[in-house]
Amino acid sequence: MLDTLHRPLRDLRLSLTDRCNFRCRYCMPVEVFGPGYQFLPREEILTFDELVRTVRASVELGVKKIRLTGGEPLMRRGVKDLVTMISAVPGVEDLAITTNGILLNHQAEGLAAAGLDRVTVSLDALDEEIFARMNGVGAKVDRVLLGIKTARLHGLPVKVNMVVQRGVNEQEILPMIRWTRENGVTLRFIEYMDVGASNGWKMEEVVTAKEIVEIVTSEFPAKPVAATYPGEVAKRWTFADGEGEFGVISSVTQPFCGDCSRLRISAEGKAFTCLFASEGADLRAALRNADDDVEVLDFLRGLWGARKDRYSEERGLISRTKAEMSYLGG
Ligand code: SAM
Ligand code: SF4
Ligand code: SF4
């Protein structure tokens, strides 16, 4: 199954909820997502059965990797039952979750037993004050680190994602590298992106991939590694002393639309063929109108077949209203 730019459909990202227990300033600033904010009512959110039907149809079209995200996916009740259901679908080769890690300590064992393959934990700083300011709710670093430790104890490989924002946490780049090297965890830096409409994104606040690599290699010499598969999002670097690697996701300064093989489904079942799309297609209607999966399959086939998105390569040439990251799941 190829889109109009000959890109296959390989990755499916399912947002399980639009709610979150953090208020990261770059994603859900509290001034916008305050106490009065209207999150999706339960009946509008895809059920586990609907999510599994989506997975089955996507696998038929070529999807091999599934990622559960949000909002905060570990806030969705019964998430480990969903993991059991999805991991049982033939053809799913890799099932991962992206989480802020604050609830991971309690859930890691159940998730590992249910068939989860890996975890990505988002952690932007080790310094308590910087982390508290960034997560907006005063969440503690130690709880996230404990979640990481517990996940690994139960056999789940963990990667850590760090969004770097100028004037906010670039001084945490080296401490984070030191910690991940000492603990055998791979760190991936993410350029701060212009997603949604509420974070007030400015180019000046982006610490570029090039700058990040310069900072890391000033203390830890490293060399770039060739991509292991087409569509690999992070550019990888191995440390010269053999102590592991790090990655940089340079979606702003070095776009990778040419290899983009991801389909994103929001919690309410809108299907987005690009992280920066203004609108999603109504997959939920297809799921709720039909009892069998044929209609869902046709819907997804039609959507991917017509896909021509390449926002990051066109950034600056076009302006549009974009969906929020917490809604779409990153
Ligand atoms: N709540 C979970 C978490 O934080 O891992 C999953 C959802 S979150 C939207 C997914 C990823 O998007 C996180 O790694 C987060 O840091 C990243 N993210 C959110 N807003 C971003 C932005 N403006 N630029 C770059 N990454 C962003
Ligand atoms: Fe929540 Fe993740 Fe967004 Fe932070 S990045 S507000 S943890 S959804
Ligand atoms: Fe894919 Fe859209 Fe990002 Fe390009 S801008 S890499 S098409 S999600």
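**Helix α1 and the ligand 1 site**

Helix α1, residues 48-60 in this predicted model, has the length a helix ought to have: at 1.5 Å a residue, its 13 residues should span 18 Å, and the end C-alpha atoms sit 19 Å apart, so the two figures agree. The helix is mostly covered, with 10 of its 13 residues buried. The buried set is a mixed bag: Phe48, Leu51, Val52, Val55, Ala57 and Val59 are in there, and so are Glu50, Arg53, Thr54 and Ser58. As for what does the covering, the buried residues of α1 pack against three strands, β1 (11-15), β2 (65-69) and β10 (262-265), and against the helices α2 (79-87), α8 (283-289) and α9 (294-305). Just past the end of α1, glycine 62 takes a positive phi of about 125°.

Turning to the ligand, 20 residues surround ligand 1, and Tyr26, Gly71, Thr98, Ser122 and Met193 come nearest. Two of these also show up in polar contacts through their backbones: a polar backbone atom of glycine 71 is 2.9 Å from a nitrogen atom of ligand 1, and one of methionine 193 is 2.8 Å from a ligand nitrogen. A side chain joins in as well, with a polar atom of glutamate 72 lying 3.2 Å from a nitrogen atom of ligand 1. Taken alone, the ligand exposes 550 Å², and the protein buries 95% of that. Strands β3 (94-99), β5 (158-164) and β6 (186-191) are the elements that each give two or more residues to the shell. By class, the shell comes out as 10 polar, 8 nonpolar and 2 charged residues.

Methods:
Residues numbered from 1 in each chain as written. Chains lettered and ligands numbered in written order. Predicted model: local features only at pLDDT ≥ 70, side-chain atom pairs only at ≥ 80, totals over all residues. Heavy atoms only, no water. Near = heavy atom within 4 Å. Polar contact = N/O pair within 3.5 Å; in protein donor to acceptor, adjacent residues only side chain to side chain. Areas by Shrake-Rupley, 256 points an atom, 1.4 Å probe, with all protein chains shown as cover. Helix = DSSP H or I, 4+ residues; strand = E, 2+ residues; numbered from the N terminus. Nonpolar A, V, L, I, M, F, W, Y, C, P; charged D, E, K, R; others polar. Expected span 1.5 Å × (residues − 1). Buried < 20%, exposed > 50% of the residue type's maximum accessible area, 1.4 Å probe, protein only. Contact = heavy atoms within 4.5 Å.
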